[in-house]
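Student: I've got a model open and a few labels I'd like to see justified. Can we go through them together?

Tutor: Sure, pull it up and ask away.

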Amino acid sequence: MKTILLIKEIYLEGFRNLGNFIVREYFKLFAWFSFIMFLVVLYAFIFRVSTGFIFD
């Protein structure tokens, strides 16, 4: 019984840290993606303004 409890504790500890790692990396990736998309929109806006696009 003691062996089963030890295996259960090792399993839970391993996946507890893995979940935090996945969430942290996901938000880091999402932040970079958002920053790059903002730069694309900023570039498109500056390009339209510099070429004389009429905003109606």
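Student: What makes Y26, F27 and F30 an aromatic cluster?

Tutor: Bear in mind that this is a predicted model. Rings pair if their centres lie within 6.5 Å. Y26 and F27 have ring centres 5.5 Å apart, and Y26 and F30 come in at 6.4 Å centre to centre. Both values fit the cut-off of 6.5 Å, and Y26, F27 and F30 form one cluster. A search of the whole structure gives six aromatic pairs.

Student: Why is the Y26 and F27 pair called edge-to-face?

Tutor: Look at the planes: they sit at 65°. Edge-to-face needs over 60 degrees, so the label holds for Y26 and F27.

Student: And what makes the Y26 and F30 pair stacked?

Tutor: There the angle between the planes is 15°, and under 30 degrees counts as stacked. As for where they sit, Y26 and F30 are four residues apart in helix 1, so about one helical turn separates them.

Student: Why is F30 called partly exposed?

Tutor: F30 has a relative accessible area of 46%. Buried would be under 20% and exposed over 50%, so F30 lands in between.

Student: How do you know that E25 and K28 meet in a salt bridge?

Tutor: The N to O distance between their side chains is 3.6 Å, and the limit is 4 Å, so the pair qualifies. In general, side chains of opposite charge can pair when their charged atoms come close. E25 and K28 are three residues apart in helix 1, residues 2–50, which puts about one helical turn between them. The structure holds one salt bridge.

Student: Are those two residues buried, exposed or something in between?

Tutor: Partly exposed, both of them: E25 has a relative accessible area of 31% and K28 has 44%. Those values fall between the 20% and 50% cut-offs.

Student: What makes the protein as a whole differ from a compact globule?

Tutor: Its radius of gyration is 24 Å, whereas a compact globule of 56 residues would have one near 10 Å. The C-alpha trace spans about 75 × 15 × 5 Å along its principal axes. The secondary structure is one helix and zero strands.

Student: How much of the protein is buried?

Tutor: Buried residues make up 0% of the 56. The protein exposes about 5,700 Å², with carbon and sulfur atoms supplying 77% of that.

Technical notes: Residues are numbered from 1 along each chain as its sequence is written. This is a predicted model: local features need pLDDT of at least 70, side-chain atom pairs count only at pLDDT 80 or more; totals for chains, interfaces and linings use all residues. Side-chain values use heavy atoms; hydrogens and water are left out. Helices (H or I, at least four residues) and strands (E, at least two) are DSSP runs, numbered from the N terminus. Buried means under 20% relative accessible area, exposed over 50%, partly exposed in between (1.4 Å probe, protein chains only). The radius of gyration is taken over C-alpha atoms; the globule rule is 2.2 Å times the number of residues to the power 0.38. Accessible areas come from the Shrake-Rupley method with a 1.4 Å probe; for residues, only the protein chains shown count as cover.
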